[in-house]
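Reader: I am in my first year of study and would be grateful for a close look at a single part of this structure. Could you please take me through that part and what surrounds it?

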Amino acid sequence: ITLTIALLCIVTFAFSQEKYTIYENIYIKPKADTQKELNKNMQEHNKKFHPEGAYDSHVWAVFTGCHAGEMLLAMGPCTFSDLDNRPDSKDHNEDWEQNVAPLIEDMSEVEYWRLDDKLSYSPEGSTPGSKVLWTMYDIKPFQEYRFKELVEKVVKVYREKELDRNFNVYWNQFDTGKGRDVCIERFFDKWAYFDQDRKFISQYEEVHGEGSWNKAMREYEDVVVSSQDELAEFLKDMSGE
């Protein structure tokens, strides 16, 4: 028993020391006719209090989905320990409460997303595009491992075919009851991105064998409840570095 407890302590300590990246995301709905003023005040706030590092700010304008017309404010990349030392000075709080908060109608979906390095792919030398497609997946209970196996096969295609586009996977760290368990992120610069004939199905079967795509889709139906897309554009002027 003593040996078992000792081993569990070692495993727990090792897990706690694992390097990881999370982002704190909040959707912001501006009040009517305040968008211009909100943009200006949030820009000044972020440049002053969230310019870089673990508390860097990233602001996105959302085009589609239930949050269309809103902004997504992301802070990071950071760890949970970093959040204990987040900007919380008197000047920071007063600036937010006096200059930003009065222009906001609602803040929702406060979420913490952890990047899965092993399931993500970025071509060498690539940089994030100015636009992004986020696809959120609602996974059936206790089926995360099967979804992960599906994603592993997709990433294998990206790597073996050396595709020229990124594929990032994030896991929601808390159950918010909204069916937003996993997020797959893909950047792009031009809307023509969606007109490209990618032939991914044929590439998938070249890697995994004939008929493997249909098998994967049947597996997908077994483990995924639903999915939803969000398109957004990066607002560089309102963000930190």
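**Strand 6 and its surroundings**

Author: In this predicted model, Asn168 lies in strand 6. The relative accessible area of Asn168 is 9%, under the 20% cut-off, and therefore Asn168 is buried. Leaving aside neighbours within four places in sequence, Asn168 is in contact with Leu115, Ser120, Tyr121 and Ser122, and also with Cys183, Ile184, Glu185 and Phe187.

One of these contacts, Cys183, merits a further remark. Cys183 is itself buried, because its relative accessible area is 4%. The closest cysteine sulfur to that of Cys183 belongs to Cys66 and is 13 Å away; a disulfide requires sulfur atoms within 2.5 Å, so this distance is too far for a bond. By this rule, the count of disulfides is zero. Cys78 is likewise in no disulfide, and the cysteine sulfur nearest to it, that of Cys183, is 16 Å away. Cys78 counts as buried, at 3% relative accessibility.

Strand 6 also has a place in the nonpolar interior. The largest nonpolar core has 24 residues, and those with the most contacts inside it are Phe147, Phe167, Val169 and Phe200. Strand 6 (168-172) is among the elements that give two or more residues to this core; the others are strand 5 (131-139), helix 5, strand 7 (182-188), helix 6 and helix 7 (212-223). Helix 5 gives the most, with seven residues. As for Phe147, its contacts, not counting neighbours within four places in sequence, are Tyr137, Ile139, Trp171, Val182, Val223 and Val224.

Two of the elements named above, helix 5 and helix 6, may be followed a little further. Two packed helices are described by the angle between their axes and the distance between the axes. Helix 5 (residues 144-160) packs with helix 6 (residues 200-208) at an angle of about 95 degrees, and their axes are 9 Å apart. Angles of 65 to 115 degrees count as roughly perpendicular, so helix 5 is roughly perpendicular to helix 6. On the side of helix 5, the residues that meet helix 6 are Lys153, Val154, Lys156, Val157, Tyr158 and Glu160. Their partners in helix 6 are Phe200, Gln203, Tyr204, Val207 and His208. By class, this contact has six nonpolar, two polar and three charged residues. Phe200, which meets helix 5, is also one of the residues with the most contacts inside the largest nonpolar core.

Technical notes:
Residues numbered from 1 in each chain as written. Predicted model: local features only at pLDDT ≥ 70, side-chain atom pairs only at ≥ 80, totals over all residues. Heavy atoms only, no water. Axes fitted to C-alpha atoms, helices over the stretch in contact; angles between N-to-C directions. Helix = DSSP H or I, 4+ residues; strand = E, 2+ residues; numbered from the N terminus. Parallel < 35°, antiparallel > 145°, perpendicular 65-115°, else oblique. Contact = heavy atoms within 4.5 Å. Nonpolar A, V, L, I, M, F, W, Y, C, P; charged D, E, K, R; others polar. Core = buried A, V, L, I, M, F, W, Y, C linked by side-chain atoms within 4.5 Å. Buried < 20%, exposed > 50% of the residue type's maximum accessible area, 1.4 Å probe, protein only.
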